[in-house]
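Student: I should like to examine how the labels attached to a structural model are justified. May we proceed from value to criterion to conclusion?

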Amino acid sequence: EAQAPLLELVGARAAYGAIPALHGVDLTVPAGSVVALLGPNGGGKSTTLKVCAGLMPLTGGELRLAGRRVNGLSAQDAARLGVCSIPEGRGVFPNLTVRENLWITTGTGVDLKKIEEIAYARFPILGNRRDQLAGSMSGGEQQMLALSRALATDPAVLLLDELSMGLAPMIVSQMYETVAELVAGGLSVLVAEQFARVVLPIADIAALMLHGRIVATGRPDEIEGRLSSEYLGG
Ligand code: ATP
């Protein structure tokens, strides 16, 4: 029997007040895979991630985790079920130090020393800056911190929104290399990116989203052609 997808949206609808933003989104994140959600600004990528993270209710359709319908779950429920997100803008606390940011993430009964060790092993620069205020670091360093915080909760699915935003191309590829390593270790990732080229190399599945709908899903090489004509502008 095939394993149920880790995370799944079936005909998902969501709205901001009276204004619909998702018009029936079907999206599947199989275990151990990277799904890239692509498309222009305003297409509904962030809204899709918010729905998956329990940050926004569905107005129709279903959200499923490991095959179970979980419509209406809170963000805490989602986190407890292993869904972890880095919000657009990274969500680090600028007036706390690196290590305070790592400490504040975690629930009770966790080994804070261990969490720091893991973070500094993955990103040595964070270790060098452990007592520095997060807000004084570069965008790339803050993104490393955000990723380390997210991973401290040992999630099953990581939701990433515009990881590349405001970062130098070299930092972006470094971040995605780290993501690829984590996926090799069993993590699943749903990543929204406006700039498809940076994420396609590590994606297993690409989905193109326009006007609150997924208009194409497939292997990255199948979707790339649609991107150049419909979205990347030829
Ligand atoms: P972006 O990269 O800009 O976040 P996106 O593809 O993630 O784009 P969404 O942010 O999900 O798109 O937006 C989908 C639709 O919902 C857009 O029409 C947008 O204007 C609308 N929308 C997004 N956030 C809000 C909000 N807080 N209140 C009202 N409408 C919103």
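Student: Why is Leu55 called exposed?

Tutor: The model is a predicted one, and the label rests on a computed area. Leu55 has a relative accessible area of 54%. The term exposed requires over 50%, so Leu55 is exposed. The residue lies in the loop between H1 and E4.

Student: How far is Leu55 from Arg219 in space?

Tutor: Their C-alpha atoms are separated by 28 Å, and the two residues are 164 residues apart along the chain.

Student: What makes H1 a mostly covered helix?

Tutor: Of its 8 residues, 6 are buried. These are Lys45, Thr47, Thr48, Leu49, Val51 and Cys52. Each bears that label because buried means under 20% relative accessible area. Just after H1, Gly54 takes a positive phi of about 75°.

Student: Which part does helix H1 play in the shell around the ligand?

Tutor: Helix H1, residues 45-52, gives the largest share of that shell, 3 residues. Of the 12 residues around the ligand, those that come nearest are Asn41, Gly42, Gly44, Ser46 and Thr47. By class, the shell has 3 nonpolar, 6 polar and 3 charged residues.

Student: How do you know that the ligand has polar contacts with Gly43 and Gly44?

Tutor: The criterion is a pair of N or O atoms within 3.5 Å. An oxygen atom of the ligand is 3.0 Å from a polar backbone atom of Gly43, and an oxygen atom of the ligand is 2.9 Å from a polar backbone atom of Gly44. Both distances satisfy the cut-off, and therefore both pairs are polar contacts.

Student: What is the distance between the ligand and the side chain of Tyr16?

Tutor: A nitrogen atom of the ligand is 3.5 Å from an N or O atom in the side chain of Tyr16. As for cover, the ligand has 620 Å² of accessible area on its own, and the protein covers 59% of that area.

Student: What makes the phi of Ala66 worth remarking?

Tutor: Most residues other than glycine have a negative phi. The phi of Ala66 is near 50°, a positive value in a residue other than glycine. Ala66 is found in the loop between strand E4 (60-65) and strand E5 (68-69).

Student: Is Ala66 buried or exposed, and why?

Tutor: Ala66 counts as exposed because its relative accessibility is 55%, and the threshold for that label is over 50%.

Student: What is the phi of His211, and where does the residue lie?

Tutor: His211 has a phi near 50°, again a positive value in a residue other than glycine. It lies in the loop between strand E9 (205-210) and strand E10 (213-218). Its relative accessibility is 66%, so His211 counts as exposed.

Student: Why is Leu187 called buried?

Tutor: Leu187 has a relative accessibility of 7%. Buried means under 20%, so the residue counts as buried. Leu187 lies in the loop between helix H7 (169-184) and strand E8 (188-193). Its C-alpha atom is separated by 16 Å from that of Ala146, which is 41 residues apart from it along the chain.

Student: Which residues line the second largest pocket?

Tutor: Leu187 is one of the lining residues, which also include Ile115, Ile118, Ala119, Arg122, Ser148, Leu151 and Pro155. The elements that give two or more residues to this lining are helix H4 (112-122) and helix H6 (139-152). The largest share, 4 residues, comes from H4. The pocket has a volume of about 260 Å³.

Student: How many residues of each class are in the lining of the second largest pocket?

Tutor: The lining has 8 nonpolar, 2 polar and 2 charged residues. Arg122 and Asp154 are among the lining residues, and Asp and Arg count as charged.

Student: What makes Gly140 a buried residue?

Tutor: Gly140, in helix H6, has a relative accessible area of 6%. The limit for the label is under 20%, and therefore Gly140 is buried. Gly140 and Glu100 are 40 residues apart in sequence and 18 Å apart in space, C-alpha to C-alpha.

Conventions:
Residues are numbered from 1 along each chain as its sequence is written. This is a predicted model: local features need pLDDT of at least 70, side-chain atom pairs count only at pLDDT 80 or more; totals for chains, interfaces and linings use all residues. Side-chain values use heavy atoms; hydrogens and water are left out. On a 1 Å grid over the protein atoms alone, a cavity is a set of points where a 1.4 Å probe fits but cannot get out, and a pocket is an open set with protein on both sides within 12 Å along at least five of seven lines; lining residues have an atom within 4 Å of a point. Grid points are joined across faces, edges and corners, and a volume is the space filled by probe spheres set on the points. A residue is near a molecule or strand if one of its heavy atoms lies within 4 Å of it. A polar contact is a pair of N or O atoms within 3.5 Å; within protein, one must be able to donate a hydrogen and the other to accept it, and residues adjacent in sequence count only if both atoms are side-chain atoms. Accessible areas come from the Shrake-Rupley method with a 1.4 Å probe; for residues, only the protein chains shown count as cover. Buried means under 20% relative accessible area, exposed over 50%, partly exposed in between (1.4 Å probe, protein chains only).
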